[in-house]
Amino acid sequence: MVDYDVIVIGGGISGLMSALTLSKHGKKILVLEKNSVVGGNCNSYDVDGFQVDTGVHAITHLREGPLRRLMDEYFIYSPVFLEFGHYYARTEKGLTKLPSNIKEFVTFDVLPRKDRFMLSQVLTKALTQMTFGMLEGNQSVYDYLPNGLSKDTHDFVDAIAYSLSGKSMKYTSVNRVLYGSSFIRDSVSEDIFHNEQHTNTSYTSVITDTLSKYQLKSHFSAISRLATNRIAYAQAYPRGGLKSLLNAVLYSMPKTVQIKTGSRVKEIIFRDERVAGVAIDKEVFTANTVVYSGFVKDLPDLVSLPSDYIENISHIDQTLSLTIWLGLSEKIKEFDYIGSEIWFKDGAYWAMPISNYDSSIAPRDKQLIGFTFVIDDKKSLEGEKKRALDLIYRAIPGIESRTEMIHYQVTIPEKAAVTINGFIAGPRSPLSNLYLAGTDTDNRSMGVTRAAYSVLELLKAMREDKKL
Ligand SMILES: Cc1cc2nc3c(=O)[nH]c(=O)nc-3n(C[C@H](O)[C@H](O)[C@H](O)COP(=O)(O)OP(=O)(O)OC[C@H]3O[C@@H](n4cnc5c(N)ncnc54)[C@H](O)[C@@H]3O)c2cc1C
């Protein structure tokens, strides 16, 4: 007799969505979270009257993507999503909308004209090669670019690569940029969802509609978008902040799910050739199945694994990010828009004026802006913070004197960067009864959308293994 059907290690959004979905398949569940609060990187909290999120967030693929499927089938409550707006590039001259089709690209005067011409040629070539299955899967963006581009253009492409894979263009594949950018929707295309809308709403249909069926079938639609695409894929910001998404999962959770915080799992118990439970300090909990949603690269600290698997997961690559939240004493004209911006010259940031979505996020008449940077973990953190703050002050002259709150967050946004030679774990571990969920188990899309893919794949694997 075991204590639980399933123990979920980690109470981030992946672990909680795993617990929610498995509980709706009749499982009795225990979630163990090492921190004093659940949510992991998907939460919000108060700093001097401003409500900051754990990093700046845009939730993607909301019309028909994996999170939408989970919300429709398993959530009782779902957040209200506010339209995301546009992506802009900021330069000394102000804001310019980022292009999402060739016509906009040609007039994107943030980059030199000659470079735009060369880049549009290379983009068309990449899409054409992809259409005919001739694009090498792991060719780097850096190697694919023509010679002779300016430093600004290199910096721009690098900033896009960082935002899509977590690493520079030397380690980012051309595929990743094509699928992740707004020129093509990634993995789940709208056309395919329209054609194959599931009419059976039982939970089983969510698992049996294998995701492979939703993989991009028509590259031709991708190439036609090059000319006609008007909007980036459906994305949004949750009203009330990122914690609204977390709360929606928690409110939807049935009583058969028990959540314990302040409970770091120190060992996964392996007995008689199978995983049988977990141990935290003095307590042991037994279960038929364990789902691990912490960093897969930390798994060898918890349980003995085959050496070839340890070798594979040692190739999981991660990126360290710094988010600086600035609470402004007044709303400023530079951030008078809905959406987000990138700065790419001699250093890059991605920024969002999140209180423009929901004024309750900042005190009355004030404004909250989040700026996220990739930082170098080999350099001093204090030096990186200073470099980042100086960049903001340089990019937006006058903001410093109107800043009344500065808050820093250092985080790892994705458990695995999607690099050319990086390893992605998948939902199964090599040990019987131990499954994996989270952003290092699926390489499609990014962030919460990627976490949602991982949960769908977990359900699918458990069903195939006759665990559901
Ligand atoms: C700066 C930044 C910007 C981002 N931008 C976006 C964005 O724009 N769009 C988007 O969709 N996503 C974005 N993300 C990513 C998104 O927040 C994450 O992908 C998502 O929250 C990851 O969820 P997770 O559950 O997989 O991992 P985590 O949030 O890391 O959760 C894992 C949990 O497991 C717990 N844990 C680990 N080990 C143990 C153990 N041994 N015992 C018990 N508990 C354990 C951890 O404490 C943690 O709570 C961003 C993230 C950051 C940091």
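A residue counts as near a molecule or strand if one of its heavy atoms lies within 4 Å of it. The exercises below concern a predicted model, in which local features need pLDDT of at least 70 and side-chain atom pairs count only at pLDDT 80 or more, while totals for chains, interfaces and linings use all residues. Residues are numbered from 1 along each chain as its sequence is written, and side-chain values use heavy atoms, with hydrogens and water left out.

**Exercise 1. The ligand shell**

Task: Find which residues come nearest to the ligand, and work out how the residues of the shell divide into nonpolar, polar and charged.

Solution. Step one is the shell itself: there are 35 residues around the ligand, and Ser14, Glu33, His57, Lys415 and Val448 come nearest.

Step two sorts the shell by residue type, where Ala, Val, Leu, Ile, Met, Phe, Trp, Tyr, Cys and Pro count as nonpolar, Asp, Glu, Lys and Arg as charged, and the others, Gly among them, as polar. On that scheme the shell holds 11 nonpolar, 20 polar and 4 charged residues.

Step three assigns shell residues to elements, which are DSSP runs numbered from the N terminus, helices being H or I with at least four residues and strands E with at least two. Helix 1 (13-24), strand 14 (320-328) and helix 14 (447-464) each contribute at least two residues to the shell.

Step four turns to polar contacts, meaning pairs of N or O atoms within 3.5 Å; within protein, one atom must be able to donate a hydrogen and the other to accept it, and residues adjacent in sequence count only if both atoms are side-chain atoms. Glu33 places a polar side-chain atom 2.6 Å from an oxygen atom of the ligand, and Lys415 likewise has a polar side-chain atom 2.6 Å from a ligand oxygen. At Asn41 a polar backbone atom takes part, 2.8 Å from an oxygen atom of the ligand. Taken alone the ligand exposes 1,000 Å², of which the protein buries 92%, the areas coming from the Shrake-Rupley method with a 1.4 Å probe, and for residues only the protein chains shown count as cover.

**Exercise 2. Salt bridges between distant parts**

Task: Determine which parts of the chain the pair Lys345 and Glu92 ties together, and then examine the pairs Lys151 with Asp346 and Glu414 with Arg450.

Solution. A salt bridge is a side-chain nitrogen of Lys or Arg within 4 Å of a carboxyl oxygen of Asp or Glu, and the whole structure contains 22 of them.

In the pair of Lys345 and Glu92 the N to O distance is 3.4 Å. Lys345 lies in the loop between strand 15 (339-343) and strand 16 (349-352), and Glu92 in the loop between strand 7 (86-91) and strand 8 (94-97), so the pair ties together parts that are 253 residues apart in sequence. For accessibility, buried means under 20% relative accessible area, exposed over 50%, and partly exposed in between (1.4 Å probe, protein chains only). Lys345 is buried at 15%, whereas Glu92 is exposed at 62%.

Lys151 and Asp346 bring their closest N and O atoms to 2.6 Å. Because Lys151 lies in helix 6 (residues 151-165) and Asp346 in the loop between strand 15 and strand 16, this salt bridge ties together parts 195 residues apart in sequence. Lys151 is exposed at 52%, and Asp346 is exposed at 56%.

Glu414 and Arg450 have their closest N and O atoms 2.9 Å apart. Glu414 sits in the loop between strand 18 (403-411) and strand 19 (434-436) and Arg450 in helix 14, 36 residues apart. Glu414 is buried at 18%, and Arg450 is buried at 1%.

**Exercise 3. Lys27 and Ser340**

Task: Establish what the side chain of Lys27 reaches, and what the side chain of Ser340 contacts.

Solution. Lys27 is found in the loop between helix 1 and strand 2 (29-32). Lys and Arg count as positive and Asp and Glu as negative, with His and the chain ends not counted. Lys27 is buried yet has no salt bridge, the nearest side chain of opposite charge being Asp5, 5.6 Å away. The side chain of Lys27 does, however, reach the backbone oxygen of Lys467 at 2.9 Å.

Ser340 lies in strand 15 and is buried, with a relative accessible area of 0%. Its side chain makes a polar contact with the side chain of Trp350 at 2.9 Å.
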